[in-house]
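Biologist: I'd like to go through this one with you, question by question. Could you put it up on the screen?

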Amino acid sequence: YDAAEAAYQRVGELPASAVAIQHKLAFCRYLTGDKQTAAQRFLALAERRPAEPAASTQSAPNAESEADAALREEALSLAALAFLDAGDGERALECADRYRVRHAEGRFVDRTERVAARVLQQRGDLAGASQRLARAAAVAEARGDRSHADDRLELALLAYREGDFAAASRRYEQLAQRADEVGARACAGRAFCAFELGDDAACAQWLTAAREHPAAVADERPALLELQSALQQRQRDWPAAIDAAATFLAEFPQHERAPALAFALGVAKARHGDFAGARVVLEALAASGRAEDPARVQHELAWACRQAGDEAAAVAAFQALLSLDTRTAPLAEPLADDARRNLAEAALAATPPDLATARPLLLAVVGDGMVEARYRLGLAELRHADRLAATEGGGEPQVAAERTALGAAREQFVTVANRAGDAPAAAQLAGEALFLAAECSRRLDEPALVVEHARALRQRFPQHERLQATRL
């Protein structure tokens with residue numbers, strides 16, 4: 001193409017062939033991969049003003065003018081395509097829109113509408129992209145061009161991406177009976193739509209149809225295996241889920257979705273009761289550094305280790321979860337809170353209880369489990385006070401430490417009473433917290449606060465089982 005371009009440049013601006021030569025020069029740039037220069041040349045040609053015909057030779061110049069006009073029309077469509085290929089979506093859409101205005105019924109309207117659809121997809125305007133692509137499909141179909149099937153397949157995908165799974169399924173349905181690659185992809189699309197719509201039976205049916213289609217597409221297999229794994233997990237068919245995920249990893253170990261399937265395999269093994277096998281998979285995934293969500297991997301690993309009876313490894317996994325660099329691995333608060341609670345329980349289960357380690361962990365719980373975490377901390381502080389009271393010979397420092405522990409316990413119980421919701425379980429916990437706050441105040445010899453907590457319990461929870469003990 002470089003040699004061809006040089007030859008056309010040597011020909012120069014022959015008046016009778018000027019448009020054709022410029023068209024060829026632009027095409028040479030396009031075919032060599034210089035899409036930006038090609039786009040600029042195509043656009044310049046499209047905007048070129050036609051020359052006036054000579055007065056003495058009307059018929060031939062008029063015929064040439066029609067040919068030149070056709071080349072300029074094509075050049076505008078190719079400018080849109082070249083700008084898109086060059087990554088200049090704004091100018092690509094501008095050229096596509098210009099073509100639509102100038103050549104509403106033009107020969108290349110399907111091409112320019114596809115370009116517009118691609119740009120709008122890149123901008124996130126899926127509805128606009130669907131409108132432009134639908135027009136391209138209609139034009140192509142009217143001309144008997146097979147590309148309309150590809151357009152309609154993409155229209156179904158756009159509906160899927162918009163979250164309108166029912167509409168996407170209907171569009172795929174129109175193509176699923178085809179015996180070609182479009183039909184195979186449509187069967188796969190119907191399976192994905194059925195999964196999103198919660199129709200497991202239809203999902204399984206179309207998964208089978210996609211796999212057994214005579215024109216089954218090799219590049220669809222990884223996605224179909226992942227869908228199979230997700231479907232079996234949702235149905236809690238753990239052996240089948242394990243088989244699908246393991247098959248994916250055996251066939252596509254370097255696939256970009258392999259880490260997600262490794263996680264799915266570990267989860268399926270754990271749910272199936274193979275905790276040792278789950279641990280092996282999840283530890284390898286954590287060590288690989290390829291996990292999509294390292295926190296979830298560590299969380300599942302911790303529970304697999306615990307179920308396998310290795311509490312030390314479970315604690316290590318929970319600690320690893322909290323040690324993740326949140327700048328590179330976003331940490332979901334529910335997972336972090338669960339890790340904090342479990343590490344706190346492990347510290348409190350030690351002999352003697354490690355309250356210094358448990359305290360900041362329980363105070364850091366901020367999600368839905370915050371109230372229960374504060375209640376657990378209040379109990380731990382109260383039991384610490386009990387241990388101090390049972391120790392002889394400590395003197396005034398021991399008494400002071402006991403009072404400090406009682407005050408800390410009461411603070412947590414008051415927080416629980418103030419933050420608990422109205423659900424029955426929360427109300428039960430709040431009432432218990434008020435009773436224990438009153439008990440702490442009694443031991444601190446602060447009768448006014450005893451009365452305050454007792455009255456709050458009576459007013460808020462007149463049927464609470466601790467009410468009689470609080471009156472005493």
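Modeller: Here's a ground rule to start with: a residue is called buried when its relative accessible area is under 20%, and exposed when that value is over 50%. Keep in mind, too, that this is a predicted model.

Biologist: Okay, let's try the rule out. Is C305 buried or exposed?
Modeller: The cut-off for buried is under 20%. C305 has a relative accessibility of 1%, so it counts as buried.

Biologist: And C440, buried or exposed?
Modeller: Work it the same way, with under 20% as the cut-off. The relative accessibility of C440 is 0%, so the verdict is buried.

Biologist: How many disulfides does the structure hold?
Modeller: You'd look for pairs of cysteine sulfur atoms within 2.5 Å. In this structure the number of disulfides is zero.

Biologist: Now the whole chain. How many helices and how many strands does it have?
Modeller: Two kinds of element are being counted here. For strands the protein chain has zero, and for helices it has 24.

Biologist: Why is the chain described as more spread out than a compact globule?
Modeller: For 472 residues, the globule rule gives 23 Å. The box filled by the C-alpha atoms, along the principal axes, is roughly 125 × 45 × 45 Å. The chain counts as more spread out because its radius of gyration is well over the rule's value, at 36 Å.

Biologist: What share of the residues is buried?
Modeller: Apply the under 20% cut-off along the chain. Of the 472 residues, the buried ones make up 45%.

Biologist: How do helix 5 and helix 6 cross?
Modeller: Two packed helices are described by the distance between their axes and the angle between them. Helix 5 covers residues 89–102 and helix 6 covers residues 109–122, and their axes come within 9 Å. The crossing is left-handed. As for the angle, it's roughly 145 degrees.

Biologist: Which kinds of residue make that contact?
Modeller: From helix 5 the contact includes A92, L93 and Y99, and from helix 6 it includes V115, V119 and L120. Sorted by kind, the residues of this contact are two charged, two polar and nine nonpolar.

Biologist: Which residues does E5 touch, leaving out those up to four places away in sequence?
Modeller: E5 sits in helix 1, residues 2–11. Its relative accessibility is 8%, so E5 is buried. The residues it touches are L25, C28, R29 and R41.

Biologist: What is the phi of R236?
Modeller: Most residues other than glycine have a negative phi. R236 is in the loop between helix 12 and helix 13, and with 59% relative accessibility it counts as exposed. Its phi is positive, near 60 degrees.

Biologist: Where does D445 lie?
Modeller: D445 also isn't a glycine, yet its phi is positive, about 60 degrees. D445 has a relative accessible area of 63%, so it is exposed. Its place is the loop between helix 22 (424–443) and helix 23 (447–460).

Biologist: Is the peptide bond from T351 to P352 cis or trans?
Modeller: Most peptide bonds are trans. P352 is in the loop between helix 18 and helix 19. The bond from T351 to P352 has omega near -5 degrees, and it is cis.

How values were computed: Residues are numbered from 1 along each chain as its sequence is written. This is a predicted model: local features need pLDDT of at least 70, side-chain atom pairs count only at pLDDT 80 or more; totals for chains, interfaces and linings use all residues. Side-chain values use heavy atoms; hydrogens and water are left out. Buried means under 20% relative accessible area, exposed over 50%, partly exposed in between (1.4 Å probe, protein chains only). Helices (H or I, at least four residues) and strands (E, at least two) are DSSP runs, numbered from the N terminus. Axes are lines fitted to C-alpha atoms, for helices over the stretch in contact, and angles run from 0 to 180 degrees between N-to-C directions. A crossing is left-handed if the near helix is turned anticlockwise from the far one by less than a right angle, and right-handed if clockwise. Contact means heavy atoms within 4.5 Å. Ala, Val, Leu, Ile, Met, Phe, Trp, Tyr, Cys and Pro count as nonpolar, Asp, Glu, Lys and Arg as charged, and the others, Gly among them, as polar. The radius of gyration is taken over C-alpha atoms; the globule rule is 2.2 Å times the number of residues to the power 0.38.
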